[in-house]
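Subject: Handing over a structure, with notes on what was found

Dear colleague,

I am passing on the structure below, together with some notes for someone who is meeting it here. Please look through it alongside the text that follows.

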Amino acid sequence: MSSNPGTVGSRRTTLKKFLTERSGFYIAEAVGLVVAKLAILVLAGLCVWILAIMAEEGGPAVFIAGPFILVPMALSAWIGLFGFNQLIAEVLRPANRFRRLPRIGVRRGADRFRAARPDDSSEGPDDALRSSPRGQANLLWRTGLFLLLGMPSAYLVGYFALAYLNRLWIWWPNPIAGWDWSAPESFGAFGAWFSDLDHLGAQLLVPTISFMFLTMGTALAALAVPLLTRRGADAIDLAVTEAGVITRGGLRIGWDEITEVLVVRDTRITAWVGSREFRAPGQSSQVVNPTYVAEHSRTRVALALHDLTEVFARCTASQRRALWADHTFTYGYALCDLWIHSEDLVTTNLAPLRTGARKNRIPVTDLKRGVRGFPDGTPRWFSAWVTRR
């Protein structure tokens, strides 16, 4: 890592912002905004198409309805082209992001990394904080229940997909000529029943509720599934020794390799049903948080490293999962993910970490990852549409 104080400070600032406001949920949020902007541009194009049709047909309708179409067209075009661009660019800009090393691949940075040599990947001390399916029975049970309740919507989506694929197969290679939006109706008995408007209430209510459970189950599965495959040294989340810190895969990091310890607590979701800090008029003030589990501390620890390449050089394949690097592949951190552990366990295990860091003159910084206000670049007129509780 460069010894330039300006470079070091800039990298630390980028890392802290990434851990608190540019990773995970915020990346998904930025991608969602891009999709929304494209959808809004499609709406603007639809308005242009309507105006073109009206102008071609002529008549007084052009003068009567034209102004009412021009306003949403201009508004949609403005939002689609200019709305939230700064926010999206800040979150998705490569220079502001860190990625797990296995996702980067060694080839792109092969000239920066020496050949990996195995480190001591033993299972670590007996008092190491470990992930365990047995300790997460509540999470696994809830995940399975939600996925089970989401099966009706999954079946419905699969049924419609098969019906239309079958239609495409029959009329291939000219599917447009034989396209039929009612293909599910003739695909089987379920399609005929679902197309019967006498069951409209069940057709709308059951799939909607089921899809909500499927979404929540999928979100929880992202937390639960890794617990089923982590064994031995790979199950270690944090262990503190006299020599340093042990994290996932048995990766041992010496105190002299750590430049700063960052303890990040997520404060966005603190209840199963919580208040929505920012909401649109008419929107419920409460929001369901499917990933909230009362026993989880929602805490992560990032060990900022003096020399990422030195640590990477001795990693095994499983140990690399603990390392994250910036776009230059020369600066990064080791992640100790304590999210699923209880608050008491995390507090107990953080105490020796803080003590060891203090003895070795390593700063410990506590960060909070919370709900942010309106980001820079948000149109001022947009604030009139959103109310603060």
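A natural place to begin is the open sheet, which 6 strands form in the order β1-β11-β12-β10-β6-β13, with mixed pairing; two strands count as paired here if DSSP finds at least two bridges between them, and helices (H or I, at least four residues) and strands (E, at least two) are DSSP runs numbered from the N terminus. The edges are held by β1 (99-100) and β13 (364-369), each of which has a single partner strand, so one side of each is left without a neighbour in the sheet.

Before going further, please note that this is a predicted model, in which local features need pLDDT of at least 70 and side-chain atom pairs count only at pLDDT 80 or more, while totals for chains, interfaces and linings use all residues. Residues are numbered from 1 along each chain as its sequence is written, and side-chain values use heavy atoms, with hydrogens and water left out.

As for the protein overall, its secondary structure comes to 12 helices and 14 strands. Of its 389 residues, 38% are buried, where buried means under 20% relative accessible area, exposed means over 50%, and partly exposed lies in between (1.4 Å probe, protein chains only). Taking contact to mean heavy atoms within 4.5 Å, 75% of the contacts between residues at least 6 apart in sequence join residues at least 24 apart.

Returning to the sheet, strand β10 (residues 299-305) has 6 of its 7 residues buried and is thus described as mostly covered. On one hand it is joined to β6 (residues 258-266) by 7 bridges, the two strands running antiparallel, and on the other it pairs with β12 (residues 332-337) over 5 bridges, also in the antiparallel sense. Ala304 of β10 stands opposite Glu260, and Ala304 also has a bridge partner in β12, namely Tyr333. Val301, for its part, stands opposite Cys336 in β12.

Strand β6 also contains Asp266, which counts as buried because its relative accessibility is 7%. Apart from neighbours within four places in sequence, Asp266 is in contact with Arg298, Trp339 and Arg369.

Arg298 appears again among the contacts of Thr291, which, with neighbours within four places set aside, also include Ala219, Leu220, Leu223 and Ile269. Thr291 lies in the loop between β9 (286-288) and β10, and at 18% relative accessibility it counts as buried. Although Thr291 and Ala221 are 70 residues apart along the chain, their C-alpha atoms are separated by 9.4 Å.

Among the helices, α6 (residues 137-149) has 13 residues, which at 1.5 Å a residue should span 18 Å, and its end C-alpha atoms are indeed 18 Å apart; the expected span is 1.5 Å times one less than the number of residues. Its buried residues are Leu139, Arg142, Thr143 and Phe146. They cover an arc of only 105 degrees around the axis, which puts them on the same side of α6, the arc being that of the directions from the helix axis to the C-beta atoms. This buried set packs against α10 (200-229), whereas the face of α6 turned away from the buried side carries the exposed residues Trp141 and Leu148.

In helix α4 (residues 85-92), the buried residues are Leu87, Ile88 and Val91. Viewed down the axis of α4, they fall within an arc of 95 degrees, so they line one face of the helix. As background, an α-helix has 3.6 residues a turn, so residues three or four places apart point the same way.

Lastly, the aromatic rings. Rings of Phe, Tyr and Trp (its six-membered ring) pair if their centres lie within 6.5 Å, and planes under 30 degrees apart count as stacked, over 60 as edge-to-face and the rest as tilted. By this rule the count comes to 17 aromatic pairs. In one of them, Tyr159 and Phe160 have ring centres 6.5 Å apart and planes at 65 degrees, so the pair is edge-to-face. Tyr159 counts as buried at 8% relative accessibility, whereas Phe160, at 28%, counts as partly exposed. Both belong to a cluster in which ring pairs link Tyr155, Tyr159, Phe160, Tyr164, Phe187, Phe190, Trp193 and Phe194.

With best wishes
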